[in-house]
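Me: Hey, can you walk me through this structure? I'm new to this, so plain words please.

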Amino acid sequence: MKRARRTLVRLLASGALTLVLLELALQLLALVAGGLFGRRELAVGDRHPDDRVVLCVGDSFTFGMGASSPAAAYPAQLEARLQRELGPRWHVVNGGTPGFDSLAVATGLDQQLAEHRPDVVCVMVGINDRWRQRGRAPVGPTARSGFRLRTLELLRIAVRGLGLFDDRPPAAAEPVERTDARAFADHPLVGRWTVTPGGATAVFWPDGHGRIGPMQWQWRPTPTGLSLGEPGEEVDTGLRLEGAAALLTPAGREPLLLVRAAELDPDALAAHDRRQQFLAAITAERYGEAAALGEELLRAPDLDADAELELLPPLARARRVLGDVDGAERALARLRVLHTERRDGRSACSLANALQALGHYSEAVEVASAALQHPDADSAGLIEVFATAATQVLPRDEVLAFLDASLARGAELPAEARAALFVLRFRVVDRGDRAAALRALVDAWRTAPDAPATRFGLQMATARDFPAGLVLDTARAAGCDATEAERLLAALRPPAPPAGDEWTAVLHDNLAAIVARCQAAGAAAVIVSHPFRSGVTEDVQRAVARSFGIPWVAAGARFPADDEERAALFVADGHCNDAGYGLIADSVAEAVTALAQGR
């Protein structure tokens, strides 16, 4: 009996020692891997003891929508002012993301605090809470940071397929129209083809995706041939197969002759499946998953330039949202190289998309404008990119003229692209002209009611409190019947407050949680108002600042009250221009300087 106990004790001691040694090895490996492969954009791990870091978190006004480039966003201008006032060792990190509300900022804050270890955190958030109304942030840490047991992490990886150790529900994904990955595997059209004449490559994947040259679409067999195009815009297409040739005859369009080039091998099918997973993760805003999949796809030995052009723009956006600024800019640099090598419409469209996503609006306008002259350009995609970027850098009248000219093309543009342009018009027209703004939104809703841009526009409109009579009159004038008009009115009603609370109470609690987490991480917090008198939002910000005894920066007070003078500080869609962001930077610089000097 004693021998058995001694044996058991030895086994337990041996197991414990093995676990300790394994943990030490994993921790050492993590340190080495972090040094070799970790993000280096701020080199925080190599910071000099005298370095000081300011982290700016918030929404599109922190990100810098409306600025001509990231260098003109308020965090970048703040850095220049702090270095001038306090010395060159002051650095500012732009942690803003367009569309973020207080819940989104609170959810990602722990990771940002762990990565950047800021001395000061400037928080500008609140205006998106009124129309998003998504509820309170969870109590306690929202992202893994600091020390953790890596043996447990290894076990987590080993059993993840069983669903054990899941500590948060999966992100809710937008509904994605897709078929089974092998639904059409037996169809004779599946494979690679060459278009004749011209030599472009066409690919038909067994999951119903396909492309001809740079154009992406969906396909499915029908009793009479094929259906080609996105849902709701399918084109009936006749199909005739003879040996290694296929003749496609889309209704109302020129026939297309294809010659079979190759079958799809298992590696190609697996790579395509991963690309679809990557795009689905981007759509569902699962950016961590998307970044990992994108990196894997970019390492594929048979990666071609067309695949890079498809992957890099959304990957750059994912990296930017995750705070990997250097990684995002590396993806952008690679797109610039590809565009320099190719100089075609496909490369221009990809580059313009990435430039817009990363805030290089002036360059995005230039690239998209030049690319529209290419005969092989995706005109719908480029028009949407140009219009979105133009709202940030061009005068309102020029943007409206471009939108009207583009919308006049009618059915030449896909329904979702037209809806996106109508929503841009809704955002750009003078806010005083409520009827014109509402008419643009009604047109978007009638064009593509389920398009992401339309849903986004309807969410934004709930905060404007359009009178029911104006909504119904505008809907009828646009051709809606009584049922459609009532449905639109219901879509424009503000959502019910979460859990029975007013959105202002939720904003207060989330903002307080943000400040508390900053202070727990050893960082001073500064709350910054938006560049306009936002009334209730400012009241909440001021109350939270007062309760914690921290600075509240009334940035809106620096902006003139006169409408003409104010107009010179904003772009068409209501974001600041470079000069406007300069005023915010001035306000915040004063508060941070006072903290640094102990005033």
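**Salt bridges and a bent helix**

Reply: Let's start with one residue: Arg336 is partly exposed, at 29% relative accessibility. Partly exposed sits between buried (under 20% relative accessible area) and exposed (over 50%), using a 1.4 Å probe and protein chains only.

Me: Where do these coordinates come from, and how are residues numbered?

Reply: This is a predicted model, so local features need pLDDT of at least 70 and side-chain atom pairs count only at pLDDT 80 or more, while totals for chains, interfaces and linings use all residues. Residues are numbered from 1 along each chain as its sequence is written, and side-chain values use heavy atoms, with hydrogens and water left out.

Me: OK, back to Arg336. Which residue does Arg336 form a salt bridge with?

Reply: Glu363, and their closest N and O atoms are 2.7 Å apart. A salt bridge here is a side-chain nitrogen of Lys or Arg within 4 Å of a carboxyl oxygen of Asp or Glu. The pair links distant parts of the chain, as Glu363 is in helix H12 (residues 361-371) and Arg336 is in helix H10, 27 residues apart. Glu363 is partly exposed too, with a relative accessible area of 26%.

Me: Why would two side chains pair up like that?

Reply: Side chains of opposite charge can pair when their charged atoms come close.

Me: How many salt bridges does the structure hold?

Reply: There are 16. One of them joins the side chains of Arg342 and Asp306, at 3.1 Å from N to O. Arg342 is in helix H10 (residues 325-342) and Asp306 is in helix H9 (residues 305-321), so that pair links distant parts of the chain, 36 residues apart. Helices are DSSP runs of H or I with at least four residues, strands are runs of E with at least two, and both are numbered from the N terminus.

Me: Are those two buried or exposed?

Reply: In between: Arg342 is partly exposed at 28% relative accessibility, and Asp306 is partly exposed at 23%. They also belong to a network of salt bridges that links Asp306, Arg342, Asp344 and Arg346.

Me: Got another pair for me?

Reply: Sure, Arg425 and Asp404 meet through their side chains in a salt bridge of 2.9 Å, N to O. Arg425 lies in helix H15 (residues 415-428) and Asp404 in helix H14 (residues 396-407), so the pair ties together parts 21 residues apart in sequence.

Me: New topic. What's up with helix H4? Where is the kink in H4 centred?

Reply: On Leu109, with a kink of about 45°. The bend at a residue is the angle between axes fitted to the seven residues ending there and the seven starting there. Several H4 residues are buried, including Ser102, Leu109 and His116. Just after H4, Arg117 takes a positive phi of about 45°.

Me: And what does the side chain of Ser102 make a polar contact with?

Reply: The side chain of Asp129, at 2.5 Å. A polar contact is a pair of N or O atoms within 3.5 Å; within protein, one must be able to donate a hydrogen and the other to accept it, and residues adjacent in sequence count only if both atoms are side-chain atoms. Asp129 lies in helix H5 (residues 129-132) and is buried, at 6% relative accessibility.

Me: Last one: what's the overall picture?

Reply: The protein has 23 helices and 13 strands, and buried residues make up 46% of its 599 residues.
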